[in-house]
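Work through the exercises below with the sequence and the model in view. Each task is followed by a solution in steps.

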Amino acid sequence: MKRNSVFLALISILLPAALFTSCNDDGYSLDKFWVSAATVKPLSDNQYYLQLDDGTTLLPLTASGNPSDYPVKQTRVVANYTILGDSVQGYSHGVMVNLLLPILTKDITVLTAATKDSLGSDPVRILDYAIADDYLNIHFAIPTAYGSVHFLNLARNEIAGNPNEYVFTHNAYQTGGPLAEGLIAFDLRTIKETATSPYTFTVKAQDAGGEEKDFSVTYSWDEKNNRMFSVIDKHINYNNKMKVR
């Protein structure tokens, strides 16, 4: 991986702009760190390893950096870590986890006449998206106010009658304000139960002013997914301003 030697204090609130997600296998040092999108993979109630989107596996060798919720569960995170060595106990690298910033990780829900009001139809802007490690990862922006609560979901649109149409929904509970950014991840693995690979679907979202935008996504689980979801320059610490659930 490319390395960044900026001190860890600089990421206590927001990730700095110049962080990288790839590595080489020499010159490891405790004053260097890497930042990557990753999936927490539970090993037990309080042990886990991290899997990067290119399949690289990281085994924490210290007790620091555990997710904030216990027991450990599978979830998406932005991981800040220091590499201590290669090929440790069958994992790609042994690491010291400096910080895990949880990414809100949710299952797909369903948009019906009964759920339409609760899911909401407030504006949500999609800034970037990618499928990585069986998750649809979305970098979004929503109008918000300090202390407000927001309900975000990826819902299969049963109202439209098209099984391949999904809606990125937002319920702002009648609050608004300047745009604030965040990250969210949706677990796509349930799609494998009823669909065949590759599975192409459309995601629609309502931007400010009621403008509907959509994008097409192809989800393939028959081939190794080597695409990395970049977290460079993505502001994700939205919980300091708003609560997203």
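**Exercise 1.** State how much space lies in the second largest pocket, and describe its lining.

Solution. The second largest pocket holds about 310 Å³ of space. A pocket is an open set of points on a 1 Å grid over the protein atoms alone, where a 1.4 Å probe fits, with protein on both sides within 12 Å along at least five of seven lines; lining residues have an atom within 4 Å of a point. The points are joined across faces, edges and corners, and the volume is the space filled by probe spheres set on them.

Next, take the residues: 18 line this pocket, and Leu111, Ser121, Val167, Gln206 and Glu212 are the closest to its centre. Two or more lining residues come from each of strand S10 (165-171) and strand S12 (199-206). Strands are DSSP runs (E, at least two residues), numbered from the N terminus. S10 contributes the most, five residues.

Last, sort the lining by type: six residues are nonpolar, seven polar and five charged. Here Ala, Val, Leu, Ile, Met, Phe, Trp, Tyr, Cys and Pro are nonpolar, Asp, Glu, Lys and Arg charged, and the others, Gly among them, polar.

The model is predicted: local features need pLDDT of at least 70 and side-chain atom pairs pLDDT 80 or more, while totals for chains, interfaces and linings use all residues. Residues are numbered from 1 along each chain as its sequence is written, and side-chain values use heavy atoms, without hydrogens and water.

**Exercise 2.** Is Glu165 buried or exposed, and which side chain does its own side chain meet in a polar contact?

Solution. Glu165 lies in strand S10. Its relative accessible area is 11%, so Glu165 is buried (under 20%; exposed is over 50%, partly exposed in between; 1.4 Å probe, protein chains only). The Glu165 side chain makes a polar contact with the side chain of Asn157 at 2.7 Å. Such a contact is a pair of N or O atoms within 3.5 Å; within protein, one must be able to donate a hydrogen and the other to accept it, and residues adjacent in sequence count only if both atoms are side-chain atoms.

**Exercise 3.** Locate the cis peptide bond and describe the backbone at Ser87.

Solution. The cis bond joins Ser197 and Pro198, with omega about 0°. Pro198 sits in the loop between strand S11 (179-187) and S12. Ser87, in strand S4 (residues 75-88), has a positive phi of about 50° although it is not a glycine. Most residues other than glycine have a negative phi, and most peptide bonds are trans. Ser87 is exposed, with a relative accessible area of 62%.

Definitions and conventions:
Helix = DSSP H or I, 4+ residues; strand = E, 2+ residues; numbered from the N terminus.
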